[in-house]
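Welcome to this short tour of a protein model. Take a moment with the sequence and the 3D view, and then follow the points below.

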Amino acid sequence: MPAILALTLEGRAPPNPFRHADGLRALVLASVARADRALATAIHDANQPKPYAMGPLEAAPGPPGRLRCEIGCAADWAAEAIMAGLPPKGARIDLGRDEFRFEGAQAVRRASYAEMLDAGPEGHTIHLRLTTPTAHHASGPTRRTIVVPDPTLYAGSWLRRWNLFAGTPFSAALLEAVAERVVVGAFSGGTHAVALDRRRVFLGFVGHAHLVILPTGNDGPDPLPSALWALARLAEYCGTGVDTMRGMGRTRILRPAGEGGVPAKQA
C-alpha cells in the first residue's frame with residue numbers, strides 16, 4: 001500500500017532545502033539495509049525507478065529547529081523496511097557537515113492501489129501542482145532535459161511505477177490513448193533551478209498544470225479517465241519525472257474545497 005512517511009529532525013535549517021538530498025537518500029537506504037540488507041542491495045542495484053521518493057528538508061510545524069522530510073513510498077514493503085530500520089529517537093544524524101538529532105517518523109497518509117483505481121474519475125481535468133522542479137530526460141544520443149509540462153511524459157513516469165509496484169498493471173496502450181486525447185489545458189509557473197550539491201544544479205518546472213482529457217466522440221465506455229486519475233493519485237506518492245530520490249518532481253492534485261478524492265488513510 002503506498003504511503004507517505006514524515007521524518008522529523010532537530011537542527012539548524014539548511015539555506016537550501018535540497019542541500020542534503022544525497023545525505024537523506026543515503027539515510028533511507030541505510031535504514032532499509034538495517035531491516036533487510038538483501039532488499040537494500042536489490043533497490044540500490046536495480047536500474048529502474050525506486051520504490052520511494054524523497055522530499056526536501058523543510059521547516060516542520062511546531063517549535064523552531066524542527067525539520068521535516070517526507071518520503072513517498074510506492075510499495076508497502078518499502079515503507080515497512082524504512083520504518084523498521086530507522087535510528088532510535090535522539091540518535092545523531094550527520095548530513096554532510098551538519099549535525100541533526102532524529103526525532104521520529106510516522107506514516108501520515110496511505111491509500112491502496114485498489115482505492116486509487118476504484119475511486120474513479122473526478123472530472124475531465126486533473127489540476128496538478130508541481131511543488132519542486134520537475135523534468136524528464138529525452139531519449140536519444142544527446143542528453144536533453146524537457147521541463148515543459150507534457151501529458152505523455154507525466155503519465156509515462158507514473159505508469160512505469162504503477163506497473164512495477166501494483167498488483168494489477170495497466171496496458172502500454174494506455175500511453176497511446178494519453179498521447180491522442182490528453183492535452184495541457186493551462187499551466188502557470190516557470191523553470192526553477194536548485195543546487196543539489198556543490199557540483200550539480202537541477203532545472204525543472206514548478207507551478208500548476210491542468211491535464212484535460214478530451215472526449216472520445218462516442219457513447220461507449222471510456223476507461224481513460226479512471227486510469228489517468230489513478231496514475232495521478234499515485235504521483236502524490238511517487239513523484240513525477242527524474243531525480244525523485246533527490247526531492248524533485250513532488251506532485252499534488254488540487255481539488256475544489258470539500259472534495260477529497262481517494263479516501264487516503266491517515267496513520
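Is cysteine 73 buried or exposed? Cysteine 73 counts as buried, because its relative accessibility is 0%. Keep in mind as you read that this is a predicted model. We will start with the cysteines, move on to the open and closed spaces, and finish with some single residues.

**Cysteines**

- A search of the whole structure turns up zero disulfides.
- Why does cysteine 73 form no bond with cysteine 69? The closest cysteine sulfur to that of cysteine 73 is the one in cysteine 69, and at 11 Å it is too far for a bond. A disulfide needs the two sulfur atoms to be within 2.5 Å.
- Seen from the other side, the sulfur of cysteine 69 has the sulfur of cysteine 73 as its closest cysteine sulfur, again at 11 Å.
- Cysteine 69 counts as buried because its relative accessibility is 1%.

**The largest pocket**

- The largest pocket has a volume of about 630 Å³. It is lined by 20 residues, and the closest to its centre are Pro49, Arg160, Arg161, Gly241 and Val242.
- Two elements, β8 (136–138) and α5, each give two or more residues to this lining.
- Which element gives the most to the lining of the largest pocket? That is α5, with five residues.
- By class, the lining of the largest pocket has eight polar, seven charged and five nonpolar residues.

**Serine 157, in helix α5**

- Serine 157 sits in helix α5, which covers residues 151–165.
- With a relative accessibility of 7%, serine 157 counts as buried.
- Leaving out residues up to four places away in sequence, serine 157 touches His136, Gly239, Thr240 and Gly241.
- A polar atom of the serine 157 side chain lies 3.0 Å from the backbone nitrogen of glycine 241. You have met glycine 241 already, as one of the residues closest to the centre of the largest pocket.

**Cavities**

- How many cavities of 30 Å³ or more does the structure hold? There are three of them, and the largest cavity has a volume of about 120 Å³.
- The lining of the largest cavity is made of 17 residues, and those nearest its centre are Ala53, Gly72, Glu236, Tyr237 and Arg250.
- Two or more residues of that lining come from each of β2 (52–54), β4 (66–73), α7 (224–238) and β12 (251–253). Helix α7 gives the most, with four residues.
- Sorted by class, the lining of the largest cavity has eight nonpolar, five polar and four charged residues.

**Aspartate 243, in a loop**

- Aspartate 243 lies in the loop between α7 and β12.
- Its relative accessibility of 15% means that aspartate 243 counts as buried.
- What is the phi of aspartate 243 near? It is near 60°, a positive value in a residue other than glycine.
- For background, most residues other than glycine have a negative phi.

**Two residues in strands**

- Threonine 8 belongs to strand β1 (residues 3–10) and is buried, with a relative accessible area of 14%.
- Apart from neighbours within four places in sequence, threonine 8 is in contact with Arg66, Leu67, Arg101, Phe102, Glu103 and Gly104.
- Isoleucine 93 belongs to strand β5 (residues 92–95) and counts as buried at 6% relative accessibility.
- Not counting residues up to four places away in sequence, isoleucine 93 touches Leu9, Leu27, Pro87, Asp98, Glu99, Phe100 and Phe102.
- Isoleucine 93 and alanine 46 are 47 residues apart along the chain, and their C-alpha atoms are separated by 27 Å.

**Histidine 44, in helix α2**

- Is histidine 44 buried or exposed? Histidine 44 is exposed, because its relative accessible area is 53%, and the cut-off for exposed is over 50%.
- Histidine 44 is found in helix α2, which covers residues 37–45.
- The side chains of histidine 44 and aspartate 45 are joined by a polar contact of 3.0 Å.
- With neighbours within four places in sequence left aside, histidine 44 is in contact with Leu29 and Lys50.
- From C-alpha to C-alpha, histidine 44 and leucine 29 are 8.0 Å apart in space, with their positions 15 residues apart in sequence counted as 15 residues apart.

Technical notes: Residues are numbered from 1 along each chain as its sequence is written. This is a predicted model: local features need pLDDT of at least 70, side-chain atom pairs count only at pLDDT 80 or more; totals for chains, interfaces and linings use all residues. Side-chain values use heavy atoms; hydrogens and water are left out. Buried means under 20% relative accessible area, exposed over 50%, partly exposed in between (1.4 Å probe, protein chains only). A polar contact is a pair of N or O atoms within 3.5 Å; within protein, one must be able to donate a hydrogen and the other to accept it, and residues adjacent in sequence count only if both atoms are side-chain atoms. Contact means heavy atoms within 4.5 Å. On a 1 Å grid over the protein atoms alone, a cavity is a set of points where a 1.4 Å probe fits but cannot get out, and a pocket is an open set with protein on both sides within 12 Å along at least five of seven lines; lining residues have an atom within 4 Å of a point. Grid points are joined across faces, edges and corners, and a volume is the space filled by probe spheres set on the points. Ala, Val, Leu, Ile, Met, Phe, Trp, Tyr, Cys and Pro count as nonpolar, Asp, Glu, Lys and Arg as charged, and the others, Gly among them, as polar.
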